[in-house]
Each structure stands twice: as C-alpha cells, then as structure tokens.
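Here's a structure to look at, with a few words that deserve some explaining. Let's ask where those words come from.

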Amino acid sequence: MIKTLKLKNQEEILIALGIQDRKLKALEKNFKVTVFVKYDEDGNGALLSVKGTNSRVDKALAKLQKDLTLNDDKRPLDTTQDTIPFANNVVFRPEHARPIEARSENQKKYIEAVFAHDLVISSGPAGTGKTFLACACALRALELGLAQRIVVTRPIVEAGEKLGFLPGDIEEKVDPYLRPIYDSFYSMLGMEKFNSLKYNNILEIVPLAYMRGRTLEKAFIILDEAQNTLPAQMKMFLTRMGVGSKMIVNGDLSQIDLPNKKESGLLHASAVLSKVEGVAFVEFSGQDVVRHPLVKDIVAAYDKWDKKHAKETK
C-alpha cells in the first residue's frame, strides 16, 4: 500500500524530514515503512509517498499530520498578517526570541533606508548593530517575498583572500571568518531553520573572492566588513546586483586592515556614488553602540586618541 502527503513549503518539509532527514529516518524505523520524497520543480514543496502495510502507513501519516498541525498551532497569529516591512519599530519577529527593534534613531534610519532603496552604504563603529540589523532586514524581506534568497559576503583579508592553503573544504576554510554573520542568523532563526535555509541555498554565506562573475537576481545581498575591500573588489561586488535585488554595504572605517588604509573600497565607493540617485548612505556614531555600555566608552576613547595622534603626525 502507498499513500501520499503533500508538503506545501520549505517549513513543512523541514518539519517532516528534519535536519539531514533525521525525522524521516526515525519515522521509517519506528513505523516500519518506506518513504519516498519527490520535490516540486520550483523547489518550494514536495510530495511524500509512504509505503508499507495499511495500518503502518496510516499510523506514519497520522504522526506526520500531527507534527504539521502542532507547528501551525504554535505559529503566532499576529506576526504573519502584516505586509509592511518595518512597523511599530519592529523589523523582524523571530519565533523563539524577542522582536528585533531599532534601538537608536540611526538604526531606524538604516532600516527605513534599506526598504526604500536598492543600495544602502553604511559605516560606523563596532557594536552599532549594522550586521545584525542587515540580517534581520534580509529575513524580513524573505518573509514578505521581497527577495527569494539571501547572500552574505565579506572579504577574507586576514587570509590574504587566498584560501587554498587553508585545510578543509571551502566551508571549513571560511567558517571562522564568517562566524559573526552565522551568530546573527542563529540568534534569530535557531539552528534547525538556519540549517534548512542554508541547505536549500535560500541563505548563502560566501567569501567575496567567490562573487566574481555572478549575477544575483531577486536576492538580498549583504557585504560586511566592506572597509577591507579594495576599490576594484567593491566595484566587482556592486555590479553583481541583478533585477529585483537589494544590497547593503556595511563597514567600519576605524578598522581598516589594508596595508594602505586610503585604498579602502568603502571610502572610494562613498565618494564615487555620493550623487547617484537610488543609493542611500547611513552613518552610525559611537552614540549608536548597543553592546555592553563600556563599548561606547571604548569607541569614544579610541576616537579621541586617533584625532590627537593625527594632529601630532601632521
């Protein structure tokens, strides 16, 4: 006997199959059935075919239906109906964490700029929430169907952009450098959903060196640590934008790791694009630091020292 069950979207597929098909394997083992999965051509849904004796097939399908129903019951009713990207100061509502809100006027300007423009270039010190908010905006855009995928990248200047000599596969090579981005998504999605998006290529985190030659359409694209790009790299990145895409460029001009700090692609792009219509610029300051209160004082102290040192070297 074979019976089928239609899974409507990626969320239902994850509930039914689990990470790396663990739930599916458990279902086959516990109910002594065989399950076949046929994905829809558009990649959004799938058809499960359950094979076994009548009673076992019915019990296995009942278990799947129960898991799907429980998930529907847990979904907050007031968070899926709105269609405004940024309302009531909230940009994204994680299922298992507090809503992501703007915590300063510049953070609010940043979020508004992201949804009003196709390219936003922002700069500011560490701890002002640039990376975290960019990830939240990307998830909100995905939720509303404003984008079909998220692509996050950064230059790996610490390894000289040459990853070949590092041990492991590409993911193992770049993981340590991309950890802050992983942390942001983990905190908003949880491990299972993050892995599901990544496994299905809806969320891609990739070093900047691997962006060349690509055209990204209907994508939400984030370039982090942009202060460490060279002008040529920045131009290469910006020209990856395809139809229906948005880009965010984040950087901290006080943390340029290039041998010649004046060669920063973020500095160059800010000058080149300052009068281009459709490009928004947002500048954060030490007053926008939202980490530990001491971080704000640390940033202010370094700014003061840098200004004093600059005068002494003139």
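What follows is a short round of questions and answers about labels used for this structure.

This is a predicted model, so local features need pLDDT of at least 70 and side-chain atom pairs count only at pLDDT 80 or more, while totals for chains, interfaces and linings use all residues. Residues are numbered from 1 along each chain as its sequence is written, and side-chain values use heavy atoms, with hydrogens and water left out.

Q: Why is Thr-128 called buried?
A: Buried means under 20% relative accessible area, exposed over 50%, and partly exposed in between (1.4 Å probe, protein chains only). Thr-128 has 0% relative accessibility, so it counts as buried.

Q: What makes the pairing of the side chains of Thr-128 and Lys-130 a polar contact?
A: A polar contact is a pair of N or O atoms within 3.5 Å; within protein, one must be able to donate a hydrogen and the other to accept it, and residues adjacent in sequence count only if both atoms are side-chain atoms. The two side chains make theirs at 3.4 Å, so the label fits.

Q: Why is there no bond between the sulfurs of Cys-137 and Cys-135?
A: A disulfide is a pair of cysteine sulfur atoms within 2.5 Å. The sulfur of Cys-137 is 9.3 Å from the one in Cys-135, its closest, so that's too far for a bond. The structure holds zero disulfides.

Q: Are Cys-135 and Cys-137 buried or exposed, and why?
A: Cys-135 counts as buried because its relative accessibility is 1%. Cys-137 is buried too, at 0%.
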